[in-house]
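Pull up the model and let's take a walk through its inside. We'll begin with empty space, then move on to helices and packing.

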Amino acid sequence: MDLAALGDCLATPACVITQGAAGLIAGFLLFLVAAGLTLIFGVLGFVNFIHGSFYMFGAYFAYTAYVLTGSYMLAILAGTAGAALIGAAVEFFIARKIYEADVLLQILVCYALILIFDDVARMIWGDEFLSMGMPEAFQRTPFFVLGGVIPPFYLLLIGAALAIATGLALLMQRTRYGKLVRAIAQNPRMVGALGINTRLVYLSVFMLGVALAGAAGALAAPVRSMTVGMGFSILIESFIVTVIGGMGSIAGALIAALSIGLVRSFGSVGFPLFTEGLIFLMMIGVLLVRPQGLLGRPVREL
């Protein structure tokens with residue numbers, strides 16, 4: 001614990017900006033993964049324990065596309081689409097058969113798929129750590145704000161994450177599809193009685209959720225190394241975000257993810273050996289005050 005270092009950082013604009021930017025990047029990427037997890041659970045009631053694997057596939061697909069084409073934009077599209085297609089296969093052949101099953105059975109099936117997906121990734125990309133490297137377009141002098149350093153690539157990540165978050169909010173709140181999804185989350189049998197193909201909607205929601213995880217993996221590829229099993233750590237953090245923000249709440253997931261990103265960034269200065277502990281303490285504190293999470297609904301209203 002080094003409270004003096006943390007105090008000096010908070011008193012220095014350069015440190016605040018540098019650490020704050022790093023925290024926002026981590027938070028926005030975590031939000032993309034957690035938003036998909038929250039969406040799938042909120043609508044389908046499915047504990048998608050394999051969500052981190054889609055993040056891993058998104059990163060690997062992006063890496064492969066970048067090596068083949070040299071285009072980072074195509075890499076992002078490849079990572080997002082690749083994760084969505086694998087998600088479609090998982091939903092159609094496996095997930096839909098266990099939506100009504102016990103949570104323990106869902107977790108066991110998901111854990112089996114994690115092991116299978118890790119082996120598939122190992123066979124295709126190997127065990128070695130892979131790195132995409134920074135795209136040439138972003139290999140530029142960083143921006144300096146009050147002495148703080150902000151790499152140009154950070155601005156892309158923040159902009160992309162904000163655009164996706166805004167698009168997701170508009171999709172869920174302002175479109176017929178969003179109203180349909182919210183209606184199915186409340187009463188799927190009634191929606192089905194109206195002649196709407198609920199299975200198709202379930203498939204689209206699952207694909208959208210895992211596509212967000214794939215997009216996060218693709219966006220993070222230039223700044224994070226890729227290795228088999230890389231999705232597990234972000235999966236745990238995504239569940240923490242979902243619990244803190246409130247099960248099924250996209251807005252709550254955004255607040256929780258950004259908070260965790262900032263706590264992790266500044267915590268690494270003052271509590272370098274207890275950064276993970278801070279996140280769990282944060283979760284415990286929120287649950288003690290609001291068991292349903294920041295923006296979750298009380299159990300009696302569900």
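How much space lies in the largest cavity? About 30 Å³. Keep in mind that this is a predicted model. There is one cavity of 30 Å³ or more in the structure. Its lining is made up of Leu37, Phe41, Val47, Phe239, Thr242 and Met247, with α2 (13-44) and α10 (231-245) as the elements that give two or more residues each. Sorted by class, five of the lining residues are nonpolar, one is polar and none is charged.

**Two helices, checked for length**

Helix α2 turns up again when you look at helix spans. Here is how it and α4 do at 1.5 Å a residue.

| Helix | Residues | Expected span | Distance between end C-alpha atoms |
|---|---|---|---|
| α2 | 32 residues | 46 Å | 45 Å |
| α4 (residues 72-93) | 22 residues | 32 Å | 32 Å |

For α2 the end-to-end distance agrees with the expected span, and for α4 it agrees as well.

Is α2 largely enclosed or largely open? Because 23 of its 32 residues are buried, α2 is largely enclosed by the rest of the structure. Just past the end of α2, glycine 45 has a positive phi of about 65 degrees.

On α4, the buried residues include Tyr72, Ala75, Ile76, Gly79 and Glu91. The buried residues of this helix pack against α3 (51-69), α5 (103-125), α6 (152-174) and α9 (198-220).

**The nonpolar core**

Which residues touch the most other members of the largest nonpolar core? Among its 82 residues, those are Leu44, Phe46, Met132, Phe206 and Met226. The biggest contributor to this core is α2, with 13 residues.

Methionine 132 is a good one to click on. Setting aside residues up to four places away in sequence, methionine 132 touches Ala62, Tyr63, Tyr66, Tyr72, Ala75, Ala221, Pro222 and Met226. Two of those names have come up already: Tyr72 and Ala75 are among the buried residues of α4.

**A last stop at tyrosine 154**

Tyrosine 154 sits in helix α6. Is tyrosine 154 buried or partly exposed? Buried would need under 20% relative accessible area; tyrosine 154 has 21% relative accessibility, so it counts as partly exposed.

What does tyrosine 154 contact, leaving aside neighbours within four places in sequence? The list is Ala21, Ala22 and Ile25. Tyrosine 154 and alanine 22 lie 132 residues apart in sequence, yet their C-alpha atoms are 8.0 Å apart in space.

Notes:
Residues numbered from 1 in each chain as written. Predicted model: local features only at pLDDT ≥ 70, side-chain atom pairs only at ≥ 80, totals over all residues. Heavy atoms only, no water. 1 Å grid on protein atoms, 1.4 Å probe; cavity = no way out; pocket = protein on both sides within 12 Å on 5 of 7 lines; lining within 4 Å. Points joined across faces, edges and corners; volume = space filled by probe spheres on them. Helix = DSSP H or I, 4+ residues; strand = E, 2+ residues; numbered from the N terminus. Nonpolar A, V, L, I, M, F, W, Y, C, P; charged D, E, K, R; others polar. Expected span 1.5 Å × (residues − 1). Buried < 20%, exposed > 50% of the residue type's maximum accessible area, 1.4 Å probe, protein only. Core = buried A, V, L, I, M, F, W, Y, C linked by side-chain atoms within 4.5 Å. Contact = heavy atoms within 4.5 Å.
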